Amino acid sequence: MRQQIADYGRRYRGVVCTPDQIVIGADQFGLLSLICLMLRPQLRRIAVENPGYLLYANTFRQHGYEVVPISLAADGICVDELYESGVRLAVMSPSHQFPRGMIMPVS
């Protein structure tokens, strides 16, 4: 299954990854919690869209991360503000942003 997902991601989404980089889980909270545990040694701050999907920010806060809200521009997260924040990792809506519904541009 992971091989098929990796192939799909490469072919239709431009994502280059190996099957062992794909994590499959039952729900978003469980997967985000796993990501929190995996990243904790390297990162303590994470950027999230503002406004954005509250599950992202709340889950990272529950795991002890400092959550940095980043404003939205007309076509997605404000990249300049993201760079200025100094945060090394951002969680974003990859397709239709919640709650505004904008589509993330390829660039």
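In this predicted model, the charged end of Arg-44 sits over the ring of Tyr-65, at a distance of 5.6 Å from the ring's centre.

Aromatic rings also meet one another, and a search of the whole structure finds three aromatic pairs. One of them joins Tyr-8 and Tyr-12 in a tilted arrangement, with 5.1 Å from centre to centre and 40° between the planes. These two tyrosines are four residues apart in helix 1 (residues 2-13), which means that about one helical turn separates them. In general, an α-helix has 3.6 residues a turn, so residues three or four places apart point the same way. Tyr-8 is partly exposed, with a relative accessible area of 42%, whereas Tyr-12, at 54%, counts as exposed because the cut-off for that class is over 50%. Another pair brings together Tyr-53 and Tyr-56, whose ring centres lie 5.2 Å apart and whose planes stand at 90°, so this pair is edge-to-face. Within it, Tyr-53 counts as partly exposed at 31% relative accessibility, while Tyr-56, at 16%, counts as buried because it falls under the 20% cut-off.

The accessibility of these four tyrosines, together with that of a serine discussed below, is set out here.

| Residue | Relative accessible area | Class |
|---|---|---|
| Tyr-8 | 42% | partly exposed |
| Tyr-12 | 54% | exposed |
| Tyr-53 | 31% | partly exposed |
| Tyr-56 | 16% | buried |
| Ser-33 | 11% | buried |

Helix 2 can be followed from its start to its packing. At the start of this helix, a side-chain oxygen of Asp-27 reaches to within 3.1 Å of the backbone nitrogen of Phe-29. Helix 2 covers residues 28-39, and because each residue should add 1.5 Å, its twelve residues are expected to span 16 Å, which agrees with the 16 Å that lies between its end C-alpha atoms. Leu-32, Ser-33 and Cys-36 are buried in helix 2. Seen down the axis of the helix, its buried residues fall within an arc of 105°, so they line one face of helix 2. These buried residues pack against helix 3 (54-62).

Ser-33, which lies in helix 2, gives a closer view of these surroundings. Its relative accessible area is 11%, and Ser-33 is therefore buried, the cut-off being under 20%. When neighbours within four places in sequence are left aside, Ser-33 is in contact with Thr-59 and His-63. With His-63, the serine also shares a polar contact of 3.0 Å between the two side chains.

Notes:
Residues are numbered from 1 along each chain as its sequence is written. This is a predicted model: local features need pLDDT of at least 70, side-chain atom pairs count only at pLDDT 80 or more; totals for chains, interfaces and linings use all residues. Side-chain values use heavy atoms; hydrogens and water are left out. The expected span of a helix is 1.5 Å times one less than its number of residues. Buried means under 20% relative accessible area, exposed over 50%, partly exposed in between (1.4 Å probe, protein chains only). The arc is that of the directions from the helix axis to the C-beta atoms. Contact means heavy atoms within 4.5 Å. A polar contact is a pair of N or O atoms within 3.5 Å; within protein, one must be able to donate a hydrogen and the other to accept it, and residues adjacent in sequence count only if both atoms are side-chain atoms. Rings of Phe, Tyr and Trp (its six-membered ring) pair if their centres lie within 6.5 Å; planes under 30 degrees apart count as stacked, over 60 as edge-to-face and the rest as tilted. A charge sits over a ring if NZ of Lys or CZ of Arg is within 6 Å of the ring centre and within 35 degrees of the ring normal.
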